[in-house]
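Please open the model in your viewer and set the protein to a cartoon representation. The tour proceeds by selection, with a short account of what is found at each stop.

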Amino acid sequence: MVHVTARLRVAVLASGRGSNLHAILEAAARPEFPAEIVLVVSDRERAQALDRARGHGVPAIVLDPKAYPDRDAYDAALGALLQEHRIGLVCLAGFMHILGAEFVRAFAGCVLNVHPSLLPAFPGLAAQRQALEYGVKIAGATVHLVDEGVDTGPIVLQASVPVLPGDTEASLSARILAEEHRLYPEAIRLFANRQLRIVGRRVLEETTT
Ligand code: GRF
């Protein structure tokens, strides 16, 4: 008898270019990958991420914050959409809308984000520029669980890159982005395989038997 294990149903939320979405879609296209991308949501109609999703045959939906009276109403609509699609993991990938505390509580432990710095250094916007201006010698990327703060949740994976003498914001961002594209699918794989154990702020990786 053949046992087909259901793959984890993942939604990716993105506002812009969607290069992380692309990396995730490419990883999920492999038959052995334990998760499938079943929905892409953007808060911006012109997001390139929407085209990338449709190019992979994934439903792409725009939820425009301007269509809702306030953030709570927006978050409620987003939450309902995710429930409707029976989503088991929400991946923020350049999603510029900050999710409210109620949404985060409702999906606690099931929302990942990628950030272009070695958190807790340089949270918030323009992290690569912050790193350059600060003068750090090592920068990097972080995939973390989302909690009620901005870029404050437990860290799942990190990777470092050097800051080189001639770096500009663009060259450093590109070096970090390559690591984001490697880390994010790996974090999803670990989550889907139930290999992540959260102990306080620490996310421990368990090996499969
Ligand atoms: C990435 O640098 C990510 O770390 C940050 O926003 C950017 C999104 O890029 N949160 P893309 O849309 O995935 O290309």
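The stops below begin at the ligand and end at two backbone features in loops.

This is a predicted model. Begin by selecting the ligand. The space that the ligand takes is the largest pocket.

Next, display the residues around the ligand: Arg17, Gly18, Ser19, Asn20, Gly94, Val114, His115, Pro116 and Glu180. By character, this shell comprises 2 nonpolar, 5 polar and 2 charged residues.

Colour the chain by domain for the following stop. Domain 1 (1–107) and domain 2 (114–209) each contribute at least three residues to the shell around the ligand. Then highlight helix 1 (19–28) and strand 5 (111–115), each of which supplies at least two residues of that shell.

Now turn to the polar contacts of the ligand. At Gly18, a polar backbone atom lies 2.8 Å from an oxygen atom of the ligand. Select Asn20 next: here too a polar backbone atom is found, 2.8 Å from an oxygen atom of the ligand. At Glu180 the partner belongs to the side chain, where an N or O atom is 2.7 Å from an oxygen atom of the ligand. On its own the ligand has 370 Å² of accessible area, and the protein covers 84% of this.

Leave the ligand and select Leu119 and Pro120. These residues are joined by a cis peptide bond, with omega about 15°. Pro120 is located in the loop between strand 5 and helix 5 (127–134).

The last stop is Arg86, in the loop that lies between helix 3 (71–84) and strand 4 (89–92). Although Arg86 is not a glycine, its phi is positive, at about 50°. Most residues other than glycine have a negative phi, and most peptide bonds are trans.

Methods: Residues are numbered from 1 along each chain as its sequence is written. This is a predicted model: local features need pLDDT of at least 70, side-chain atom pairs count only at pLDDT 80 or more; totals for chains, interfaces and linings use all residues. Side-chain values use heavy atoms; hydrogens and water are left out. A residue is near a molecule or strand if one of its heavy atoms lies within 4 Å of it. A polar contact is a pair of N or O atoms within 3.5 Å; within protein, one must be able to donate a hydrogen and the other to accept it, and residues adjacent in sequence count only if both atoms are side-chain atoms. Accessible areas come from the Shrake-Rupley method with a 1.4 Å probe; for residues, only the protein chains shown count as cover. On a 1 Å grid over the protein atoms alone, a cavity is a set of points where a 1.4 Å probe fits but cannot get out, and a pocket is an open set with protein on both sides within 12 Å along at least five of seven lines; lining residues have an atom within 4 Å of a point. A molecule sits in a cavity or pocket if more than half of its atoms lie within 2 Å of its grid points. Helices (H or I, at least four residues) and strands (E, at least two) are DSSP runs, numbered from the N terminus. Ala, Val, Leu, Ile, Met, Phe, Trp, Tyr, Cys and Pro count as nonpolar, Asp, Glu, Lys and Arg as charged, and the others, Gly among them, as polar. Domain bounds come from an automatic or database domain assignment.
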